[in-house]
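Here is a short report for the bench. Look over the sequence and the model first, then read on.

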Amino acid sequence: MSGALEGKVAFVTGGLGGIGRAICARFVREGAMVFAADLKESAAVPGTTFVPLDVSSEESVRQAMAVVQEQLGKLDILVNAAGIEIEQTIEQTSLADWNRIFAVNVTGTFLVSKFALPLLRRSGAASIVNFGSYDGFIADPGLAAYCATKGAVHALTRAMACDHGPEGIRVNAVCPGYVDTPMLRSFFRDHGDIHSLEAAVRDVHPLRRYGTPEDVANLVNWLASDEARYASGQLWVLDGGLTAQVQQMKL
Ligand SMILES: NC(=O)c1ccc[n+]([C@@H]2O[C@H](COP(=O)([O-])OP(=O)(O)OC[C@H]3O[C@@H](n4cnc5c(N)ncnc54)[C@H](O)[C@@H]3O)[C@@H](O)[C@H]2O)c1
């Protein structure tokens, strides 16, 4: 590894999830001091500090940022990777479910970024990486509310980049396709014949595989690093070529 993040302080929400874990592990290997924030502490990522966090609660976000303030007093990298998925059409979606997914995926990104800003300003060269999705550009059937949240994160990413670029804060969104994490596994499980679905998903990709959390961590690592110093306000699709095709599979 290159030590690209030596001396930097990073805060990763959803830091114990499939993608968040890979990002935390990569950041540690690159020399960063890493806060892995998540709802509950499960097997810790070696070299990180766990911070309990519910991104949908203003009080919880305030407390988490107070921990960063007390321990290190600045922040260089914020990754908003916490997210949930609800597999429903709008007709099947209750208002409570709609509000819940927006509270985590959109309000969570807003709240954590808002309360991280005072710490990020002290960096001089800060980077926020939000999590969008290819579902924010095109729709998977039966994921209506999820698609809407990711479209909102894309718009928020551009707006934050405009507002905070002059303060030395870059803001980008990573927009993965299918990535092999607990979220994807639960999606497969909910669709009956796991093996044929997994094969269908794999084979529809031009690269004939779905992504790994490490594939995503590679891009996040670059966006977080000073090598990406001129990259801001963009939505970085990482999907093995999936959305380059005219025809999508039917699930
Ligand atoms: N896996 C994919 O195929 C895929 C594709 C596109 C985008 N994404 C996005 O990538 C991000 C990470 O997804 P993943 O696949 O690692 O999912 P995951 O389910 O493995 O991890 C999500 C993490 O977020 C945490 N979380 C959920 N609600 C929270 C809350 N209120 N406060 C704090 N933490 C909370 C969970 O505890 C979990 O650790 C998500 O934003 C997701 O929408 C994933």
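Which residues does asparagine 221 touch, not counting residues up to four places away in sequence? They are Leu5, Arg26, Phe27 and Glu30. Keep in mind that this is a predicted model. Asparagine 221 lies in helix α7, residues 213-224. Its relative accessible area is 5%, so asparagine 221 counts as buried.

**Two valines**

Valine 79 sits in strand β4, which covers residues 77-80. The residue is buried, with a relative accessible area of 0%. Setting aside residues up to four places away in sequence, valine 79 touches Phe11, Val12, Thr13, Ile23, Phe27, Val129, Phe131 and Val220. Phe27 is thus on the list for valine 79, and Phe27 is also on the list for asparagine 221. Valine 79 and glycine 14 are 65 residues apart in sequence. In space, their C-alpha atoms are 8.8 Å apart.

Valine 28 belongs to helix α1, residues 18-29. Is valine 28 buried or partly exposed? Valine 28 is partly exposed, at 26% relative accessible area. Buried would require under 20%. Beyond its neighbours within four places in sequence, valine 28 is in contact with Val34, Pro46, Gly47 and Thr48. The C-alpha atoms of valine 28 and leucine 5 are separated by 8.4 Å. Along the chain, these two residues are 23 residues apart. Leu5 is also one of the residues that asparagine 221 touches.

**The ligand**

There are 28 residues around the ligand. Ile19, Asp38, Tyr146, Val179 and Thr181 come nearest. Oxygen atoms of the ligand pair with polar protein atoms at the distances below.

| Residue | Protein atom | Distance to a ligand oxygen |
|---|---|---|
| Threonine 181 | N or O atom in the side chain | 2.6 Å |
| Valine 179 | polar backbone atom | 2.8 Å |
| Lysine 150 | N or O atom in the side chain | 3.0 Å |

Valine 179 makes its contact through the backbone. Threonine 181 uses its side chain, and so does lysine 150.

**Aromatic rings**

How many aromatic pairs does the structure hold? The structure holds 5. One of them joins tyrosine 134 and tyrosine 178, with 5.7 Å centre to centre and 45° between the planes. That geometry is tilted. The pair links distant parts of the chain, 44 residues apart. Tyrosine 134 is in the loop between β5 (126-131) and α4 (144-164). Tyrosine 178 is in the loop between β6 (169-176) and α5 (182-189). Both partners are buried: tyrosine 134 has a relative accessible area of 4%, and tyrosine 178 has 7% relative accessibility.

A charge also lies over a ring. Lysine 114 is placed over the face of phenylalanine 115, at 5.6 Å from the ring centre.

**Cysteines**

The structure holds 0 disulfides. Cysteine 162 is in none, and the nearest cysteine sulfur, that of cysteine 175, is 16 Å away. Why is cysteine 175 not bonded to another cysteine? Its closest cysteine sulfur is in cysteine 147, and the 13 Å between them is too far for a bond. A disulfide needs sulfur atoms within 2.5 Å. Surroundings set cysteine 162 and cysteine 175 apart: cysteine 162 is exposed, with a relative accessible area of 59%, whereas cysteine 175 is buried, at 0%.

Key:
Residues numbered from 1 in each chain as written. Predicted model: local features only at pLDDT ≥ 70, side-chain atom pairs only at ≥ 80, totals over all residues. Heavy atoms only, no water. Phe/Tyr/Trp six-rings, centres within 6.5 Å; stacked < 30°, edge-to-face > 60°. Helix = DSSP H or I, 4+ residues; strand = E, 2+ residues; numbered from the N terminus. Buried < 20%, exposed > 50% of the residue type's maximum accessible area, 1.4 Å probe, protein only. Lys NZ or Arg CZ within 6 Å of the ring centre and 35° of its normal. Contact = heavy atoms within 4.5 Å. Near = heavy atom within 4 Å. Polar contact = N/O pair within 3.5 Å; in protein donor to acceptor, adjacent residues only side chain to side chain.
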